[in-house]
Structures are given as C-alpha cells and as structure tokens.
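The following exercises concern the fold of one protein chain. Please work through each task with the sequence and the model at hand before reading its solution.

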Amino acid sequence: MTHDNFQFKIAIATNSGERIDGHFGSCTSFAIYQFDSTNAQLLETRTASTEGGIDKNDLRAAQISDCHLLYVASIGGPAAAKVIKSGVHPLKDPLESPINDILVKLQQVLQGNPPPWMAKLMGIKNTRSFDAVSD
C-alpha cells in the first residue's frame, strides 16, 4: 500500500461531537472517522461504554479496536496501555481542538513525510533518516 490509497480509521473521544473534548475514561462517545491524504468522512458515532466497573477501560478499548488511532483530550497511563494493547495508537490533544482541524493536520502529515509509526501502519518504507551526522 502507498499513502495514496491507505485509509486510516480514527476514534475521537468527544462529548460535543465537534471537538476533541473527551477524556478516554469519561467521554460520552467516540466519533469514528476514515481519512486518507485527501478525504475524511464520519463513519459513525459510538456511545462510549459506561459499564464494566474497574474493567471499563478494557471495554472502551475493545469498542475502538477496529481503529488505527485514538484522539483524546486526556488519557491515563494504564488506560493508554490498554488502548495500545488493543492495537490502537493513542494521541492527546489537551487543547480540545475542533475535530475538523485535527483531520486536516493529519492529512497534511500524510501528504508530507509521515512519522515512522504512521509509515509502518501504512505499510510503506520510512524515508526519514536516523543516521548520525558525521563531522
């Protein structure tokens, strides 16, 4: 796959439906978007699980396990570990940005040189160099 045809699926923790304003453990819903370097679309909105007691974060991680990325306003360390274990890469936005702004920024990253973790998900060879600078 190339980054021209790879489709990312992202879960966004939201209370308003318009901003990244949800904490992973207490948000009311996950807005599920699909995007590539030129298009983005809302696929669905999933009501966040409120059941499970101490296992609530496991249930929430399972709810979004079909996604590549999770955007949240905040997330605790143990919850982030559960999200990562489910195969989802968490990203934090404590500024509670509008969802559309974040999607545009992610698309710009895809149009340029994606970071190694994104390139790996996309199945493309990373073109960033980590070679030491010689004198």
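The exercises go from the overall fold to the sheet, the helices and individual residues.

The model is predicted: local features need pLDDT of at least 70, side-chain atom pairs count only at pLDDT 80 or more, and totals for chains, interfaces and linings use all residues. Residues are numbered from 1 along each chain as its sequence is written, and side-chain values use heavy atoms, with hydrogens and water left out.

**Exercise 1. The overall fold**

Task: State how many helices and strands the chain has, and which pattern they follow along the sequence.

Solution. Step 1: Apply the rule that helices (H or I, at least four residues) and strands (E, at least two) are DSSP runs, numbered from the N terminus. Step 2: The chain then has four helices and five strands. Step 3: Read along the sequence, they give the pattern β-β-β-α-β-α-β-α-α. Step 4: Of the 135 residues in the chain, 40% are buried, where buried means under 20% relative accessible area, exposed over 50%, and partly exposed in between (1.4 Å probe, protein chains only). Step 5: Taking a contact as heavy atoms within 4.5 Å, 50% of the contacts between residues at least 6 apart in sequence join residues at least 24 apart.

**Exercise 2. The sheet**

Task: Determine the order in which the five strands form the sheet, and which strands stand at the edges.

Solution. Step 1: Count two strands as paired if DSSP finds at least two bridges between them. Step 2: Begin with strand S1 (residues 8-14), which is joined to strand S2 (residues 29-35) by seven bridges in an antiparallel arrangement; here Thr14 stands opposite Ser29. Step 3: On S1 there are also three bridges to strand S4 (residues 69-72), and this pair runs parallel; Ile12 has Tyr71 of S4 as its bridge partner. Step 4: S2 and S3 run antiparallel and are joined by seven bridges, with Leu42 in S3 as the bridge partner of Tyr33. Step 5: The result is an open sheet with mixed pairing, in the order S3-S2-S1-S4-S5. Step 6: Strand S3 (40-47) and strand S5 (89-92) are the edge strands; each has a single partner strand, so one side of each is left without a neighbour in the sheet. Step 7: Neighbouring strands are turned against each other by 25° on average, direction ignored. Such angles rest on axes, which are lines fitted to C-alpha atoms, for helices over the stretch in contact, and angles run from 0 to 180 degrees between N-to-C directions.

**Exercise 3. The cover of S1**

Task: Establish whether the two faces of S1 are covered or uncovered.

Solution. Step 1: Seven of the seven residues of S1 are buried. Step 2: Sort them by side: Phe8, Ile10, Ile12 and Thr14 lie on one, and Lys9, Ala11 and Ala13 on the other. Step 3: Both faces are therefore covered, since the residues on each side are all buried. Step 4: Helix H3 (residues 99-111) packs on the sheet and touches S1, S2, S3 and S4; the direction of H3 makes about 35° with that of S2.

**Exercise 4. A helix pair**

Task: Describe how H1 and H2 cross, and which residues meet.

Solution. Step 1: Two packed helices are described by the angle between their axes and the distance between the axes. Step 2: The axes of H1 (residues 56-63) and H2 (residues 77-85) come within 9 Å and cross at roughly 35°. Step 3: Asn57, Asp58 and Ala61 in H1 meet Ala79, Lys82 and Val83 in H2. Step 4: H1 passes H2 in a right-handed crossing (a crossing is left-handed if the near helix is turned anticlockwise from the far one by less than a right angle, and right-handed if clockwise).

**Exercise 5. Individual residues**

Task: Locate Ser37, Pro90 and Glu96.

Solution. Step 1: Ser37 lies in the loop between S2 and S3 and is buried, with a relative accessible area of 9%. The C-alpha atoms of Ser37 and Gln111 are separated by 5.7 Å, although these residues are 74 apart along the chain. Step 2: Pro90 is found in strand S5. Not counting residues up to four places away in sequence, Pro90 touches Leu70, Ala80, Val83 and Ile84. Step 3: Glu96 is in the loop between S5 and H3 and is partly exposed at 35% relative accessibility. Glu96 has a positive phi of about 55° although it is not a glycine.
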